[in-house]
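This briefing concerns a single structure, shown below. The notes that follow are grouped by topic.

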Amino acid sequence: MSVEINRTGGRGPIDFNQVAPVKFPGFQMTDGPSYDDMTRCIHCGLCLQNCPTYRETGMETESPRGRLYLMRAFAEGTIEADNPNLHKHLDLCLQCRACETACPSGVRYGHLIEKTLDELNHRPEVEEKRRTPAQKAIRWLVFRQLFPKPRNMRFFGLASRLYQQSGLQSLTRRAGLLRWPVWKKLGLGKIGDLELMMPKISQPIFTAPESELVPARTEQRYRVALFSGCIMSVALAQVNEATVRVLTRNYSDVVIPNTQSCCGALNVHNGDRDYGQEMARRNIEAFEKAEARFGKLDAIIINAAGCGSTLKEYGELLANDPVYHERAERFARKVKDISEYLVGIKFNRDFGRLETTVTYQDACHLIHAQRIQKPPRVLLNAVPGLKLIEMRDSDKCCGSAGIYNVTQYDMSMKILDHKMERVAETGAGCVVSGNPGCHIQLQLGVRRSGINETRDEPVEVVHLVQLLDQAYRAGEAHD
Ligand code: SF4
Ligand code: SF4
């Protein structure tokens with residue numbers, strides 16, 4: 001079926017005000033992308049070598065160009081929504097957006113795949129034919145009950161901590177309980193491998209102070225709000241704590257609204273845009289309320305690259321919402337990654353020495369989606385004694401990609417193993433990143449690769465703010 005483009009008809013120039021937007025026949029339940037967005041690919045292939053799944057497989061169908069071809073065919077109605085090949089190739093995409101960085105034609109790949117997955121998710125035939133009862137239950141649990149509900153997320157964090165600290169985890173692993181054949185019969189054959197990914201939840205969960213405000217430790221010049229995030233608050237509370245300390249040492253009062261929720265990135269990336277929009281509305285209200293209480297916010301700070309890129313796209317996510325669209329645009333303009341913010345305000349340089357060698361892994365949603373490459377390096381290079389060793393392919397995905405390492409375990413591990421070869425080449429004792437997913441994935445990579453067996457000191461994985469926090473403390477100890 002071909003795409004129908006409404007034209008004004010007749011001779012002479014087209015009056016574009018009278019040209020109705022093209023509605024692709026494949027998009028029956030949702031608006032779908034614009035015609036311009038869907039047709040911008042010129043098939044040059046410059047993105048191919050930037051694509052991790054193409055580099056792993058060498059297959060056109062696992063490349064950005066191949067997937068764009070499939071998405072367009074679906075949009076034009078020549079591939080059915082429940083076609084298994086369509087799902088297979090789209091599902092293997094990491095949504096890392098490395099193809100966008102390479103593309104000379106400005107193809108908005110991330111936007112296109114999000115819109116396509118959203119349509120597929122709304123189609124009853126996909127729900128009926130393509131998903132097993134276990135998959136439906138997991139989607140409901142993860143996208144509707146866990147991430148959107150902070151209370152459930154905290155409960156999950158506490159239960160995981162109990163599982164780890166009570167000895168149940170080591171018992172389960174020793175007895176091989178999660179390797180029993182019954183799991184395979186239930187369609188959960190990888191559960192034993194997935195359990196090994198679990199980060200160590202050793203700290204109390206990060207919560208906002210009752211006052212919702214942490215005052216600046218240095219002369220106060222700015223007022224910012226912290227977007228504390230769901231995974232970061234539960235699995236890496238120490239990163240949020242370090243972020244608050246770093247901000248308060250950088251002339252900033254930090255407001256932490258306690259009614260904020262998950263940013264909705266996982267929902268948006270997995271075809272659940274409606275619920276992602278719902279979470280965006282909740283967050284906009286929470287930060288507006290904080291602004292009404294504490295006064296104008298200079299920025300909304302985020303220390304998780306994946307969340308940051310979604311928060312910056314709230315305007316587009318709520319483009320058709322007459323009540324929230326402008327508020328979403330205003331919210332999005334304030335969002336700053338922590339590295340972007342610190343470099344923008346000419347950060348406090350009262351660092352002590354850190355005698356360490358580090359290498360930096362660019363989180364995909366920082367370098368490709370937000371185009372932030374220099375600020376983290378500026379900050380690392382400002383720490384006396386710290387030596388930054390650049391890693392080959394630091395801009396290539398580590399294989400984490402939200403829940404990709406759970407849904408596409410085998411490909412994720414192949415990509416991770418290659419990443420760890422690059423880490424090993426640097427000889428650095430520490431890998432720095434700016435995203436919780438990468439952090440947890442790289443920790444797994446350290447364990448999987450056995451890299452520590454070749455080192456006197458174990459390789460550490462840290463968030464950028466943890467190093468900065470350490471450097472400020474070293475500076476204070478010296479004073
Ligand atoms: S988003 Fe990443 S994995 Fe997907 S097509 Fe683009 S480069 Fe490849
Ligand atoms: S997505 Fe961009 S880089 Fe890739 S083939 Fe199309 S036009 Fe070329």
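In this predicted model, the side chains of glutamate 476 and arginine 217 are joined by a polar contact of 3.2 Å. The points below describe the setting of glutamate 476, the surroundings of ligand 1, and two residues with positive phi.

**Glutamate 476**
- Glutamate 476 lies in helix α26, which spans residues 464–478.
- Because its relative accessibility is 38%, glutamate 476 counts as partly exposed, a class that falls between the limits of 20% and 50%.
- Leaving aside residues up to four places away in sequence, glutamate 476 touches Arg217 and Arg249.
- Between glutamate 476 and lysine 387 there are 21 Å in space, C-alpha to C-alpha, and the two are 89 residues apart in sequence.

**Ligand 1**
- The second largest cavity is the space taken by ligand 1.
- Two or more residues of the shell around ligand 1 come from each of the elements α2 (52–57) and α3 (64–75).
- The residues surrounding ligand 1 include Cys51, Cys93, Cys96 and Cys99, together with Arg67, Arg97 and Tyr109.
- Sorted by class, this shell comprises eight nonpolar, two polar and two charged residues.

**Positive phi outside glycine**
- Glutamate 212, although not a glycine, has a positive phi of about 65°; the residue is found in the loop between α12 (191–197) and β1 (213–214).
- Glutamate 212 counts as buried because its relative accessibility is 9%, which is under 20%.
- Lysine 346, also not a glycine, has a positive phi of about 55° and is placed in the loop between α20 (338–344) and β6 (356–360).
- With a relative accessibility of 67%, lysine 346 counts as exposed, since the limit for that class is over 50%.

Methods
Residues are numbered from 1 along each chain as its sequence is written. Chains are lettered from A and ligands numbered from 1 in the order in which they are written. This is a predicted model: local features need pLDDT of at least 70, side-chain atom pairs count only at pLDDT 80 or more; totals for chains, interfaces and linings use all residues. Side-chain values use heavy atoms; hydrogens and water are left out. A residue is near a molecule or strand if one of its heavy atoms lies within 4 Å of it. On a 1 Å grid over the protein atoms alone, a cavity is a set of points where a 1.4 Å probe fits but cannot get out, and a pocket is an open set with protein on both sides within 12 Å along at least five of seven lines; lining residues have an atom within 4 Å of a point. A molecule sits in a cavity or pocket if more than half of its atoms lie within 2 Å of its grid points. Helices (H or I, at least four residues) and strands (E, at least two) are DSSP runs, numbered from the N terminus. Ala, Val, Leu, Ile, Met, Phe, Trp, Tyr, Cys and Pro count as nonpolar, Asp, Glu, Lys and Arg as charged, and the others, Gly among them, as polar. Buried means under 20% relative accessible area, exposed over 50%, partly exposed in between (1.4 Å probe, protein chains only). Contact means heavy atoms within 4.5 Å. A polar contact is a pair of N or O atoms within 3.5 Å; within protein, one must be able to donate a hydrogen and the other to accept it, and residues adjacent in sequence count only if both atoms are side-chain atoms.
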